[in-house]
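Welcome! Open your viewer, get comfortable, and let's walk through this model one selection at a time.

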Amino acid sequence: MKRAITVLVTIMAASYAFAANKEPQPGDPKTVAMATRGPVRIRAAFNQATLIKLPEGQRVMNVFGADKGEGGLWAVDAGKVPTRFVAVKPKATGIHTTLHVISNTGEEVSFFVQEVTGTDAQFDAEIDVTDGGKEDGVSTEASTVKWVPADEAIACKKSSDAMKVDVAAVQRKAEEDAATKVAQFEANYPKNMFFGYQWDRKQAARLGFEAAWSDGKFTYFKAKDVVALYEIDGDGKPSLIEYSYDDGVYVAKKVLYDGYFAIGKKKANRLLFHRERSKA
């Protein structure tokens, strides 16, 4: 009987020792409030990474504590580019350390990290840090950023300077293009001028008309009085058209070929004009 009890005790002891030395498994995510008084205990597992996540809108600015670096007992990784994540991993069993995480808004949270292989069946694989005192961990107001990484500030300055240079270059290019277009217009304008309108000179003089010309877009008439202007279409039908009159010059916003000016309805008070159409 004593032998049976001894065997049973030996088996139980071996089973307990096996369970105690077994590597712990990830437990449920743990939630921690930012700026909690005193370090928060984290259970870590040998060669397993525990991920700490800061609240949305915050980034890890600095991490203090732990025996970090090559040859150290802890691997702490906050990434090369500042994010809201930091990972901590023990490289030995039975060790512990303190870890302080500072965000870019000046808030901090402290942890007591303990390696639990052989003493606990579970470890904390994920730690969700929330804004302390806020409902559901969400701030009602955006946190004020107090620090910006130096490389990010330099990159922003370079980007701002580049944008200033780009804007200046675009403006200079636009001014050059406008000047070029003006120069081209001035050079080509005389080539577009047409003075070959035909009309009865005596009738024109009697009604006060002196000249007619076109620049390829508009038609101009120089006259002393304002009278009605009609255009004659290909079927010989006249239609009253709009024009502007300033300082003795009529301006019709199209090229006119056939038409007439009229004072009243008498044909004797009409001035017909004609321009040959291009055969091209």
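## A tour of the model

Start by selecting Trp199 and Phe273: Phe273, in β20, is the bridge partner of Trp199. Before moving on, please note that this is a predicted model, in which local features need pLDDT of at least 70 and side-chain atom pairs count only at pLDDT 80 or more, while totals for chains, interfaces and linings use all residues. Residues are numbered from 1 along each chain as its sequence is written, and side-chain values use heavy atoms, with hydrogens and water left out.

**Stop 1: the open sheet.** Now widen the selection to β12 and to β20 (residues 270-274), which run antiparallel and are joined by two bridges. Strands here are DSSP runs (E, at least two residues), numbered from the N terminus, and two strands pair if DSSP finds at least two bridges between them. Add the other strands and you have an open sheet of five, in the order β12-β20-β19-β15-β16, with antiparallel pairing. Its edge strands are β12 (198-199) and β16 (238-240), each pairing on one side only.

**Stop 2: Thr219.** Next, select Thr219 in strand β14 (residues 219-223). Is Thr219 buried or exposed? It is buried, with a relative accessible area of 0%; buried means under 20%, exposed over 50%, and partly exposed in between (1.4 Å probe, protein chains only). Show the side chain of Thr219, which reaches the backbone oxygen of Lys254 at 2.7 Å. A polar atom of that Thr219 side chain also lies 2.9 Å from the backbone nitrogen of Leu256. Leaving out residues up to four places away in sequence, Thr219 touches several others, including Tyr197, Trp213 and Tyr250; contact means heavy atoms within 4.5 Å.

**Stop 3: Pro39.** Jump to Pro39, in the loop between β2 (30-33) and β3 (40-44). Pro39 counts as exposed, at 51% relative accessibility. Beyond residues up to four places away in sequence, Pro39 touches Ser110, Phe111 and Phe112. Add Val113: it is 74 residues from Pro39 in sequence, yet 9.0 Å away in space, C-alpha to C-alpha.

**Stop 4: the cores.** Which residues of the largest nonpolar core touch the most other members? Select Ile52, Phe111 and Val129, out of 21 residues in that core. Strands β3, β5 (60-65), β7 (85-90), β8 (96-103), β9 (108-115) and β11 (126-130) each supply at least two residues of this core. Apart from it lies another core, of 18 residues, among them Phe209, Ile241, Ala252 and Phe273. A nonpolar core is a set of buried Ala, Val, Leu, Ile, Met, Phe, Trp, Tyr and Cys residues joined through side-chain atoms within 4.5 Å.

Technical notes: Helix = DSSP H or I, 4+ residues; strand = E, 2+ residues; numbered from the N terminus. Polar contact = N/O pair within 3.5 Å; in protein donor to acceptor, adjacent residues only side chain to side chain.
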